[in-house]
Structures are given as structure tokens and as C-alpha cells.
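Notebook open, coffee poured. Today I am looking up a few strands and helices, one entry at a time.

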Amino acid sequence: MKLLKRTLALTLSAAMVLGLLSGCGSDVSANVLNVYNWGEYIDTDLLDRFEQETGIKVIYNTFDSNENLYSRIQTTSYDVIIPSDYAISRFIDEDMLQPLNFDNIPNMKYIDEKYTHLDFDPEQKYSVPYTWGVVGIVYNTKYVDEADTGSWDLLWNPKYANRTAMFNNSRDALGIALMYLGYSLNTTDKDELREAADLIIAGKPVYQGIWMDQILEKLPAEEIVAAPYYNGDAVTMIDENPDLAFYVPKEGTNLFVDAMCIPKNAKNVDGAEKFINFMCSTEAAMANWEYIGYSSPHTGVYEQLDEETRNDPLYFPDTSAYPTEAYTNLPKDISQYYNDLWVDILT
């Protein structure tokens, strides 16, 4: 059902070249839209369609963590960014986002209210939900015994030494360890955070690596046999290798929402609103869901799907079946402690 995402880099490069060439006009900001998104997280045909419909050229770049996004937008102007929930909360707290004019985003009406007015944007002033999902473990059924699945402890199982991996971002990696230990994802207790960090350090002899995008390559290629990942990317990996499977550990998981926002220093707010509204149209949202595999908050997408797809936990996880918790923004001293722990983990 999905296009092969391997072509993404070439398509994005073409999109960026087109965008750069378009900057030769007299009003660059009105004719160019800078979009900053996660890797492999959009149907790139939609960028072409948006350009054709609006005459606005898209310069499209990608990031690999909310932390890198945070650093980049302080020095570089983007018109649309697509961060995760806890990052949005931080950006709001630090006055880095513009309130949205929903009169110019009428397709917001298609976004399911279950994914609006959440803790990260309680007044729903700064964001438009893009996707939602959960974190779980993707594993190879040929090499992992079924008796060893069901818990986060698979990631620390010495039976699979040098054949598992851990996330290479502090919030998700420490979050996994916190859930396994029975602590809140949003704990501010430094002793609990230190215990979670020590658990990851103890697992390093089992991990082949601490990665993000590399997991997307290594699991389908059977270079590793188990790793944490998001349900939407699990869909793609299982498409590539049917021996892979996905489960949400019994200890619980992170329920996340990624959303479209306009930074305070955006140069093309009008184009940004057009882009967000375009992505919330039923046609674009359906094409995007079919491509990226992540759960869509769009009511029109869900209504068009057959019952089997609606009930598939890969596409639309049943979050009532296990404990879930959303990330929230942490106090500055705890965020810094995360950074310190992460340096300790990596070194």
C-alpha cells in the first residue's frame, strides 16, 4: 500500500533545489515555504501538489530529534515545524511559537477532538495534530522466542547480546527505562532518573548500538533482532520483512502526538497557514496516512477505512489495553539533568 520510502532523500533533494531556485523573485518570503519535519514523515508527492495549487515553492528539511529541532529553530527561520507534544509545550513556555489563526485553517474541523486541547497545548492555540501513536518493540519472530516478548525487558535480555538496540534520544530512551522500572515518564525525581540511566548503561553490552534511523535499516535487514520504535514505522518495517512483529510492553508506553506549528520567527505565515490547511484536507491526510503509516487524527481518514484496518493495533493502537502516559515539558533543571545523564550514558 505504501510507496517505498527509500526514494525519499532524492525527492527531498529535488524539492529543496526547486525551493532554492524560486527564491530569485522580488518577494522571496511570499513565494517560498520552509518546512522542517522528521525524516521519512510525509508523502513527498504532497509537496509537489501543494506547490502546483499555491505557486509556493517548498524548501523541505528534516531533523532526527526534538532536541535538535529546538537548537536549530533558535538560529534558523522555518515557517512550519512538526515537533512532538512535550517539545511543543516547551516552545510555548519559551514563547517560540505563534498563535494560529484558525479562520485560515478551516480544515481543522476534521481533526478528532480526542487529540486536541491536550496537556501540551491546553487552549489549542499553537498546534494542529499531524499524527499520533505509541512506542513499542519491533522484533524478529525467527530469532526471538515468543516467551521472551511482552515486556520491555527484551531489550536487556543477554540471550540477544549484540542483536538489540536502544533509542538515540534522551527522552525516549530514559522514558523506556522509567516505564520498565514503574516510574512516571515525567518524573522530576533525580534518583529515579539516575536509576533509569544506570539501567541503560547496564544494557550497553546487549545493544549493538544506540540509534534512531539506523534501526529502520537494521531490523528489516536482520542485522539486529529487536529494538524499540514507533508503531507507524513498525508498519513500514513489517512491510519490508514480514517476519517482524510489534508489541506494546505490559509495563506501558508513551502515547504521543506530533503537531504542525508556526515558529515565532516564521517569514511566510500566510503560506504556513495554507500548508497546514492543505495537509488537513481529507485527500491529503489520506495520502499521507497511506504513505507514512502513522495513526491519523483526521476523522475523514478513519471513516474511510475498513473495519479490519481500524482495528489493527499497528495502524490504530488500542490504548485502553495497556497503561499510557504522554510526555510533558520538564523544568529546566530536570531538562539539564537529562542532558547530563545522556552524556554519561553515551560516554
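Which residue in strand 3 is the bridge partner of Tyr36? I looked it up in this predicted model, and the partner is Ile81.

Entry on strand 1. I checked how strand 1, residues 32–38, pairs with its neighbours. Strand 1 and strand 3 (residues 80–81) run parallel and are joined by 2 bridges. On strand 2 (residues 57–63), I counted 7 bridges to strand 1, again with a parallel run. Tyr36 turned up here as well: its bridge partner in strand 2 is Asn61. I then looked at burial, taking under 20% relative accessible area as buried. In strand 1, 6 of the 7 residues are buried, so the rest of the structure largely encloses this strand. Following the chain onward, I went from strand 1 through helix 3 to strand 2, a β-α-β crossover that is right-handed.

Entry on helix 3. My next stop was the helix in that crossover, residues 45–54, where Leu46, Leu47, Phe50 and Glu51 are buried. Down the axis of helix 3, these buried residues fall within an arc of 140°, so they line one face of the helix. On the face turned away from the buried side, I found Gln52 and Glu53 exposed. After helix 3 comes Gly55, and I noted its positive phi, near 75°.

Entry on Asn339. Last, I jumped to helix 14, residues 332–346, where Asn339 lies. Asn339 is partly exposed, at a relative accessible area of 38%. I also checked Asn339 against Leu155: they sit 184 residues apart along the chain, and 22 Å separates their C-alpha atoms.

Technical notes. Residues numbered from 1 in each chain as written. Predicted model: local features only at pLDDT ≥ 70, side-chain atom pairs only at ≥ 80, totals over all residues. Heavy atoms only, no water. Buried < 20%, exposed > 50% of the residue type's maximum accessible area, 1.4 Å probe, protein only. Helix = DSSP H or I, 4+ residues; strand = E, 2+ residues; numbered from the N terminus. Arc of directions from axis to C-beta. Pairing = 2+ DSSP bridges. Right-handed = clockwise from strand over helix to strand, strands pointing away.
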